[in-house]
Amino acid sequence: MSLWVDKYRPTSLGKLDYHKEQANQLKNLVQCGDFPHLLVYGPSGAGKKTRIMCLLRELYGPGVEKLRIEHQSITAPSKKKIEINTIASNYHLEVNASDAGNSDRVVIQELIKTVAQSQQIQSSTQKEFKVVLLTEVDRLTKDAQHALRRTMEKYMSTCRLILCCNSTSKVIAPIRSRCLAVRVPLPSVEEVCSVLTGVCRKEGLLLPGELAKQIAEKSGRNLRKALLMCEACRVQQYPFSSDQDIPETDWEVYLRETANAIVSQQSPQRLLEVRARLYELLTHCIPPEIIIKGLVSELLSNCDGHLKAEVAQLAAYYEHRLQLGSKAIYHLEAFVAKFMAIYKKFMEDGLMA
Amino acid sequence: MDEYDEMYGIEDDFEQQFADELEVMAEMDYESPRHTKVSELRSKKPLSFEDAIASGDIVQSSKSVARHPGSSDAQQITAKPGKSLPHSLDDSEFPEHLLDSDNFQSPKAKRQRLDVAKKLQFTLSNDGDNITPPSSPEDYSRSKSSSVQTVTTSALDISGLAELQESPRRVPTATGHVLRRPPPTGDYISVTDSSGNRVYLAKKEESTVRAVDSRALRDSHYSLGLLSVPIEVLREQVAERRHQQLVEESQRLTEMLNSRVDEEFGEMDGREPEVEEEAAEDEDQDGTASRLWVDRFSPQHYTELLSDDFTNRCLLKWLKLWDTVVFGREKSVKKPKHPQADNRLPLQQKDQQNPRFKTKTQITEEILEAELDQYQRPKYKVALLSGPPGLGKTTLAHVIARHAGYNVVEMNASDDRSAELFQKRIDTATQMKSVLGANEKPNCLVIDEIDGAPTAAINVLLATLNRKESREADTEAAGIGTLKKKKKKTESVLLRPIICICNDLYVPALRQLRQQAFILTFPQTQPSRLVQRLTEISRRQGMKADSGALMALCEKTENDIRSCINTLQFLHGKGQKQLDQRMVQSVTVGLKDQNKGLFSVWQEIFQLPRVKRKRIGEVLSLGAEHGGQSSTAAQRLQHILHLASSSGEHEKLTQGLYDNFLSMKLKDPSLRGVCSALDWLGFSDILNEATLHNQNFSLMRYLPFLPAAFHLLFAATTVPRINYPNSHYEALTRTQHTRNALVAMLAEIPPSIRSRVGMSCLSLDILSMLLEVICPKLRPVNPQLYSVREKQQLVELVDTMLSYNLTYRQDRSPEGQYLYLLEPNVEEVVRFPGLPPRRQLTYQAKQMIAREIELERMRRAEAMLQARNPQRKEEKEKNDPQGGGQKLPIRNHQQRLENIVKQTVVDTRPEVDFFGRAIEPKGKPVPSAAAGDVGKVGMELQIGKAVGNSDVWFRFNEGVSNAVRRNIYIKELL
């Protein structure tokens, strides 16, 4: 527990720093000893996982914090061996089934069945159900999600599912309807600021309010990122000054430069350069959706008001196609080319007029 | 025919060039008479001679062959039937030759007739005096007649070679039974043909006619009935054409040759083509309509091959390299029978050991020149022929193997080719030979379509090549023996040539074989030669085809011989007797579903088709006029569609288009084309995904439209420069690399953190910041000198790195510098090229941190160990002071010391002591408990307290110096 993110993570629902009302509701939900399947969603860094762990602790007591990593190997019907890591306590099991790639369906079926089919012994002292925590549900294939449907109903008596994802749009409707959806929104800038100052106080540091605000904005209200940035600032320079450089993640800088390259020139050669940069981003495990999102926000800030709607619409169109296809680079480049065409036409029209 | 060489005087060059071929032909001629009934033939010799004389002009012409080289065309033509006359007689008188031999395959039949012809020549030349000097000293060893024949042979052989260009077999040979004058002996029938020419048909004995011949009859009938042009005219044409070709050929040859004088070659070679033709002719007559033309007109002889001369010769030379080992033993056996054969062989060996093919210093030739190995085998034991289908690879292999005197054993894809069967068949083919029947020739294994064979089978083949060599080497080392002896010892040595044939040389399974094989790649067949052959075939089959149409056909099939002939036959079968260009263009049969290389496909997509040559383009341009611009575009579209759908590798194709289209010279200021191209790519990607994911393969038919769209968008007249698409693959490997680094990092992160850290948030948020965090400003001094605050900072740093499973590892850069790198190297995951470099710790700082991390790791590991068994430790601590406690096994040295003490002090009970020592773990508690006090007292008396109870103890270990042992915990050291 060394990084501030890990060190000062709240462990109970009562200690959560923001969305306290939601925390209370969760507490009430659990207090009666039972709860439905949950679908927790929200952007990255909003505190979904923290909230879920607090909930489990409320449910089972401090025993859930004794975690262990288990390596499970599952044999698919096609005799293919799938290795997957799970994190488990005595009361719950956390699986990221999307790690298994295309065989995630088998993982879902096998793992959940084995967990759900085993009855809890000593049901007098323990809850009579275990909890299976599925992360990154939105990255599951459709097959796996369908495999989940029936399992959720069938093993309701022995097992509760908590699904965790960034967006519900990629979770199929039958699953959404079977769960109680809990949205965890990003904290507001003020909330991030208060968390940052709180952490610094505990560290015995003095954080100027100005800097806290800057960090909060720069991190895009992603609390995890904000805390990391804050710590990086601390390492770079202490005592803090309100106008100090806040370190950024490299990929964001790179993406911004790419967007600038697109705006500054529109030609096939430039497109070729942009392609190389896009490849670079993709090879660094930056998801294409994030790339297209970052590009759009940068491009929108650079282009005229008349174009904004069109560009946004284009981005949405190509992101949709991106989801349908499998080779992200085609769609990303198609978006860039289209933007170039529109932008160029707009600029030329402006010159003509 | 003779006049040609007189005119051009090329026979010397020719002999040099084709010495090998000639040799083989000659050898065949010498070997073959064994199989035929020589005596019978000999007895009939006078008859044939007489007949020959009786037939008038024959004798004269044959004489003129020897004496008057400048004889006219007419004489030459008449000489032809003369030569074939003995054949017909032979046929009629010895029908059993043909009928008995189960197949009418050319070689045998040919040789029989050959023999007759030879005898005829022999008698002739006896009275004829020779004006031409013998061409080589070796010839003196032979009879005079043979030297005469040498002259004729060389002349005839060239003509024979010329024939290979068009091989107009029917024209001269069809007249075998037709005489222009009434035959002096026997009955005859006179026939007048449509153009008023009278010919005479020799009547044969009734029985033989019945037995032999419907064939003969049909033959003559055929030639008469179907030829609308008089035979004389045809002959003249043939002679003329031959002349031309001879000139061309000789010019070509002289260019290729360097001057080397070697007169050694077969005497009767020259005869062969003609005689061969007759054999082939017979076969043709056998050929029913049901036979494929491809088979019917397939070359029977080396000189008829259509494939590239150089390739043919290379293969033949390679095959000849085997002669020493394959035929080496046979010659000694056959010495008495065929002295000539013997004569030749030393020379042949000399030839091989000291070859002088310096014309084109090509690698292939060098290979052919290479020394034989210790078993007189060529360096490369396998020849690998490769090339697209329809060039005549299989035919070449068969013809050449037969030509060189082998019995061809073929294996192809139709046979089962599992490894075991493969082994078995290779062994049988290479180590055995048929003992029954006349077919006593050694085997030559032809493995056809080897690119389809499983890798296991090819490995078997390789093993056959290699494994036995090593065994050979053993025997070689064991003792020096004669070749014979060695062969006896290692019978399994590969002693027969193997020819492999494949279409695709670069099939992965062939990788190993490629290195060990003599590789011959087939070039395209020359369209002119192919057209000639096609003309001939169509003429023989009574089709009218102008060369333009045939040229178009060749172009359409890309000079695929088989496809051309098949198309011809198809058209013929449909009742077409006329062939013109339009029909060739319109017919869809000849189109090959060929598989072009990816590069050529890309090239065609990015390049506008050149305007076709006029002759063939006529029809096309006509069509273009009708349809205007759109029709050519439509044609192009169709063409690209066809190309794309036949290429098969759609993924690669698309990738290549994607990688290359932006580098084309785009005249596209509005980027519209680029946009639509990328939309196409996106569409194709979605299509692909849908196809694969839903197994909806009917969608695949839309995939070829992508290349077509690219063609219409980007095709230009300039030659495109295509790069092989590797961007996708590169990206894939690099992504994998990054991913591996992340996985390695995640693997050891403790679960409490692991549960909060996913791979995506690691790469997006955490890592970049984490790398900042772990680079604090550290004073470059010894950590001992740090202030409390700095120490605290260092501890936190180490803690962070440990909990995220990071450390530094020393690495040596290529320049020789030592560096500390993060391990796992997530730095690569985070850093992007072209961005300002991040602050790095100094080498010393990293070194220090790495050391601290190691120490901390050890501390933690020990703490964990201690935490895991705290009870045992306590027990130990309790028991140790007491010394010799009940539960804890007594230490070795104590036991021994005790026993020594007991032995010396308490002498009363030796058995107990003995047993106690023997069964120490079992018997220990009792005796030690019993004798504990006594022993202890004694021991302490004898040795002193210091040794008996202390933690430090000594044990003598022979030869090992680290004798002092003590339990030390890490914490005591740190």
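1. A residue counts as buried when its relative accessible area is under 20%, as exposed when it is over 50%, and as partly exposed in between. On that basis, 50% of the 974 residues of chain B are buried. In chain A, buried residues make up 56% of 353. The model is a predicted one, and the points below should be read with that in mind.

2. Overall content of the chains. Chain A has 14 helices and 7 strands, while chain B has 48 helices and 14 strands. Among the contacts in chain A with a separation of 6 or more, 71% join residues 24 or more positions apart. The corresponding share for chain B is 78%.

3. Accessible surface. About 15600 Å² of chain A is exposed, and carbon and sulfur atoms supply 49% of that area. For chain B the exposed area is about 48300 Å², of which carbon and sulfur atoms supply 54%.

4. Helix 9 of chain A. With 14 residues at 1.5 Å a residue, this helix should span 20 Å, and its end C-alpha atoms are 20 Å apart, so the two figures agree. The helix is mostly covered, since 13 of its 14 residues are buried. At its start, a side-chain oxygen of A:Asn222 comes to within 3.1 Å of the backbone nitrogen of A:Arg224.

5. The loop after helix 9 of chain A. A:Thr249 is located in the loop that runs between helix 9 (223–236) and helix 10 (250–264). Its relative accessible area is 0%, and because the cut-off for buried is under 20%, A:Thr249 counts as buried. What does A:Thr249 contact, leaving aside neighbours within four places in sequence? In chain A the partner is A:Lys225. In chain B the partners are B:Leu764, B:Asp765, B:Ser768, B:Met769 and B:Arg838. A reviewer checking this loop should therefore look at both chains, as A:Thr249 has contacts in each.6. Salt bridges in chain A. Over all chains, the structure holds 32 salt bridges. Side chains of opposite charge can pair when their charged atoms come close. One such pair is A:Arg270 with A:Glu273, whose side chains meet at 3.0 Å, N to O. Both residues lie in helix 11 (residues 268–283) of chain A, 3 residues apart, or about one turn of the helix. Are the two partners buried or partly exposed? A:Arg270 has 14% relative accessibility and counts as buried, whereas A:Glu273, at 44%, counts as partly exposed.

7. A salt-bridge network in chain A. A:Lys218, A:Glu248, A:Arg256 and A:Glu298 are linked by salt bridges into a network.

8. Salt bridge in helix 26 of chain B. B:Arg533 forms a salt bridge with B:Glu536, and the closest N and O atoms are 3.9 Å apart. The cut-off for a salt bridge is 4 Å. The two residues are separated by about one helical turn because they are 3 residues apart in helix 26 (residues 527–540). B:Arg533 and B:Glu536 are both buried.

9. Salt bridge in helix 41 of chain B. The side chains of B:Arg860 and B:Glu856 meet in a salt bridge at 3.2 Å, N to O. These residues are 4 apart in helix 41 (residues 843–868), so about one helical turn separates them. B:Arg860 is partly exposed, with a relative accessible area of 36%. B:Glu856 is also partly exposed, at 21% relative accessibility.

10. A nonpolar patch on chain B. Which residues make the nonpolar surface patch of about 310 Å²? They are B:Leu692, B:Phe697 and B:Met700. B:Met700 is placed in the loop between helix 34 (672–694) and helix 35 (705–714) of chain B. At 42% relative accessibility, B:Met700 counts as partly exposed.

11. A pair distant in sequence. B:Lys381 is found in the loop between helix 20 (363–369) and strand 4 (382–386) of chain B. At 7% relative accessibility, B:Lys381 counts as buried. How many residues separate B:Lys381 from B:Gln516 in sequence? The two are 135 residues apart in sequence, and their C-alpha atoms are 7.5 Å apart in space.

Notes
Residues numbered from 1 in each chain as written. Chains lettered and ligands numbered in written order. Predicted model: local features only at pLDDT ≥ 70, side-chain atom pairs only at ≥ 80, totals over all residues. Heavy atoms only, no water. Buried < 20%, exposed > 50% of the residue type's maximum accessible area, 1.4 Å probe, protein only. Contact = heavy atoms within 4.5 Å. Expected span 1.5 Å × (residues − 1). Polar contact = N/O pair within 3.5 Å; in protein donor to acceptor, adjacent residues only side chain to side chain. Areas by Shrake-Rupley, 256 points an atom, 1.4 Å probe, with all protein chains shown as cover. Patch = residues over 30% accessible without salt bridge, like charges linked within 9 Å, V, L, I, M, F, W, Y side chains within 5 Å.
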